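Dear colleague,

I am passing on the structure we spoke about, and below it you will find my notes on what turned up when I went through it. Please read them with the model open beside you.

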Amino acid sequence: MATPLVSIENVDMRYGGPEGTLAVSGLDLKINRGEFVAVVGPSGCGKSTLMKLTTGLHIPQSGTVIVANSQVTKPVSIVGMAFQNPTMLPWRTTLENILLPLEIVERHRHRLRAHKADYIAKAEALLETVGLKGFGEKFPWQLSGGMQQRANLCRALIHEPELLMLDEPFGALDAFTREELWCVIRDLHASQDVTIALVTHDLRESVFLADKVVVMSARPGRIISEHVVPFERPRQLDLLYEPAFNEMVQKLHGEIATARAAA
Amino acid sequence: MTTTQIAPPVATAPKPAFKLNWVQLSPVLYTIGLFVIWEIGVRLSGLPHTIFPTPTRVFEAIVQYWSPIWKNSLQTLYTTVLGFIIAIVAGLGIGLFIGWSKTIYAGLYPIMVGFNAIPKVALVPILVIWFGIGTVPAVLTAFLISFFPIVVNVATGLATIEPETEDVLRALGAKKLDIMLKVGIPRSMPYFFGSLKVAITLAFVGSVVSETVASNSGLGNMMASAQSNFNVPLVFAGLLMLAIEGIVMYALMAWVEKRMTGWAHRSTMSN
Ligand SMILES: Nc1ncnc2c1ncn2[C@@H]1O[C@H](COP(=O)(O)OP(=O)(O)OP(=O)(O)O)[C@@H](O)[C@H]1O
Ligand SMILES: [Mg+2]
């Protein structure tokens, strides 16, 4: 593979001025085109910060972030991001919320009016894949927390981003819906030419979905280890009950426990 | 496994055919009560009409002087609403401008507060020097006194966008203008419509104050001249008309607010 899509080199990020919180320090990470990377680590270690650095929402005080061959100095436009807490706009219906990125992203905003029907059909298809068929006309505050998260996922996908950043997208979901959405993400990754970075606290989720699991240290966060996931694709949910799978989950669990204790 | 048939819920007891809705009636009842207490209090104390007239005497005055009262009420309503409309336009414009950036907000806010601290009554003489007495200073006073709450509310709505929401749009490459159009302005609308209720009441204060000191028409002027003739019932009649206009306009603004920003009252909409 040629140059990686995302390349983070020796990055330090401090919040709130020189005396503020050092969130990440000496961060190094490469994500290849088409790869699925999962990021795990103790709470507050800088995982969300890593996502925001990659999308250009924060600019690091030192080190370089390179996405698609150019250094990130402002928000990059090729990403879709689902944030930790779903931030739906309460005055728009769920469908209108999902269409929001199309009104912003350069590539789509000029085509939106002429191709409105196509885009709406696409949004409705997305809603159907996440199990929200028929909820497009509802307002976000009429949906449950888990339903909002699923709508949030649709919003991240609607403009077909090259790089998808998911920050704990399944946090508020029950086990069954969660597994269902794992399969949605898995199939999306398999069928499209998309690179995905997923932050999660669920180690089984990370091993099931990712090509590579990255473990971060406690704050200030840096990468302490990378594990290539050996299981073949396409993966089925049965994998969750195989000994090799659980062994890997256990190993990751041990590493994070040590990282927490070291803090 | 046995399946138990669940009986259909028994129909609830039939509602009594006639039941008073006390909550809905209470504003009327309380108002009547207020007038009754007023009437009895004045009669018992034996105060003359020239000091504190009874409500019946005030209503008599309303009937007796209906033509001037009606004319002056319309005039006051006209100056107030005109000043209020200018305040809406200017308030929205200045509010959007101030809320646009944190720097403008920080720089202009103290100036606005200082301006608001000036008693607007003190400006009436200046307005009279510039525009003469009559409708114009009344409209301008209503405008000056009512546009501040609109500005503050619109600006605050814009300046307090949640950083997470802003991040969602910025991550998509949104410009400042996009963020304002898609989030800032819709978000500040509940603040804006909420401020209209405050602003309309203030607008009445402004126009009446100006009419009292510098006009030949309007309820303020009517009350001032009634007072100099010791026609106290007519003064009270003017106050009553002002109260009625104020309540009607307030109710109208509350209705508009509810219509335009239903999503902000979401908990009350679910039932
Ligand atoms: N906007 C901010 N201002 C100041 N400090 C911040 C800000 N955002 C995050 N931090 C700090 O940076 C550190 C890393 O935060 P971050 O949100 O990246 O953690 P995280 O790994 O995503 O945690 P979690 O798993 O709980 O979501 C935390 O200690 C936090 O206190
Ligand atoms: Mg986080």
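**Notes on the predicted model**

In chain A, the side chain of Thr55(A) reaches the backbone oxygen of Lys52(A) at a distance of 3.2 Å. Please keep in mind throughout that this is a predicted model. Thr55(A) belongs to helix H1 of chain A, which covers residues 47-55, and its relative accessible area of 0% makes it a buried residue, since buried here means under 20%. Setting aside residues up to four places away in sequence, Thr55(A) touches Lys74(A), Pro75(A), Val76(A), Val79(A), Met81(A) and Met165(A).

**The magnesium ion**

Helix H1 of chain A also takes part in the metal site, where it contributes Ser48(A). The protein donors of the magnesium ion (ligand 2) are the OG atom of Ser48(A) and the OE1 atom of Gln84(A), which lie 1.9 to 2.4 Å from the ion. These two residues are 36 residues apart and link distant parts of the chain, with Gln84(A) placed in the loop between S6 and helix H2 (94-104) of chain A. Ser48(A) is partly exposed, with a relative accessible area of 21%, and Gln84(A) also counts as partly exposed, at 37% relative accessibility.

**The cavity**

A search of the whole structure for cavities of 30 Å³ or more finds one, and the largest cavity holds about 50 Å³ of space. Its lining draws on both chains, with Gly80(A), Met81(A), Pro101(A), Arg155(A), Ala156(A) and His159(A) from chain A and Val168(B) and Leu172(B) from chain B. Strand S6 (79-82) and helix H5 (145-157) of chain A each supply at least two of these lining residues. By character, the lining divides into five nonpolar residues, two polar ones and one charged one. Met81(A), one of the lining residues, is also among the residues that Thr55(A) touches.

**Helix H7 of chain B and the loop after H10**

Val168(B), which lines the cavity, is one of the buried residues of helix H7 (residues 163-170) of chain B, along with Thr165(B), Asp167(B) and Leu169(B). The buried residues of H7(B) pack against H1, H2 and H5 of chain A, together with helix H8 (176-214) of chain B.

Further along chain B, Thr261(B) sits in the loop between helix H10 (232-260) and helix H11 (266-269), and it is buried, with a relative accessible area of 1%. A polar atom of the side chain of Thr261(B) lies 2.8 Å from the backbone oxygen of Glu257(B). Leaving aside neighbours within four places in sequence, Thr261(B) is in contact with Met189(B), Pro190(B) and Phe193(B).

**Strand S1 of chain A**

Val6(A) is found in strand S1 (residues 6-15) of chain A and counts as buried, at 0% relative accessibility. Apart from neighbours within four places in sequence, Val6(A) is in contact with Leu29(A), Lys30(A), Ile31(A), Thr54(A), Ile66(A), Val67(A) and Leu163(A). The C-alpha atoms of Val6(A) and Ile224(A), which are 218 residues apart along the chain, are separated by 18 Å.

**Backbone geometry to check**

Most residues other than glycine have a negative phi, and most peptide bonds are trans. With that in mind, I would draw your attention to the places listed next.

A cis peptide bond joins Arg219(A) and Pro220(A), with omega at about -5°, and Pro220(A) is placed in the loop between strand S9 (212-216) and strand S10 (223-228) of chain A. The peptide bond from Arg233(A) to Pro234(A) is cis as well, with omega near -5°, and Pro234(A) lies in the loop between S10 and helix H8 (243-262) of chain A.

Asn69(A), although not a glycine, has a positive phi of about 70°. It is located in the loop between strand S4 (62-67) and strand S5 (70-71) of chain A, and at 57% relative accessibility it counts as exposed. Glu168(A), again a residue other than glycine, has a positive phi near 45°, and it is found in the loop between strand S7 (163-167) and helix H6 (175-191) of chain A. Glu168(A) is buried, with a relative accessible area of 15%, whereas Asn69(A) is exposed.

With best wishes

Methods
Residues are numbered from 1 along each chain as its sequence is written. Chains are lettered from A and ligands numbered from 1 in the order in which they are written. This is a predicted model: local features need pLDDT of at least 70, side-chain atom pairs count only at pLDDT 80 or more; totals for chains, interfaces and linings use all residues. Side-chain values use heavy atoms; hydrogens and water are left out. On a 1 Å grid over the protein atoms alone, a cavity is a set of points where a 1.4 Å probe fits but cannot get out, and a pocket is an open set with protein on both sides within 12 Å along at least five of seven lines; lining residues have an atom within 4 Å of a point. Grid points are joined across faces, edges and corners, and a volume is the space filled by probe spheres set on the points. Helices (H or I, at least four residues) and strands (E, at least two) are DSSP runs, numbered from the N terminus. Ala, Val, Leu, Ile, Met, Phe, Trp, Tyr, Cys and Pro count as nonpolar, Asp, Glu, Lys and Arg as charged, and the others, Gly among them, as polar. Buried means under 20% relative accessible area, exposed over 50%, partly exposed in between (1.4 Å probe, protein chains only). A polar contact is a pair of N or O atoms within 3.5 Å; within protein, one must be able to donate a hydrogen and the other to accept it, and residues adjacent in sequence count only if both atoms are side-chain atoms. Contact means heavy atoms within 4.5 Å. Donors are N, O and S atoms within 2.8 Å of the metal (3.2 Å for Na, K and Ca); water is not among the atoms, so sites may look incomplete.
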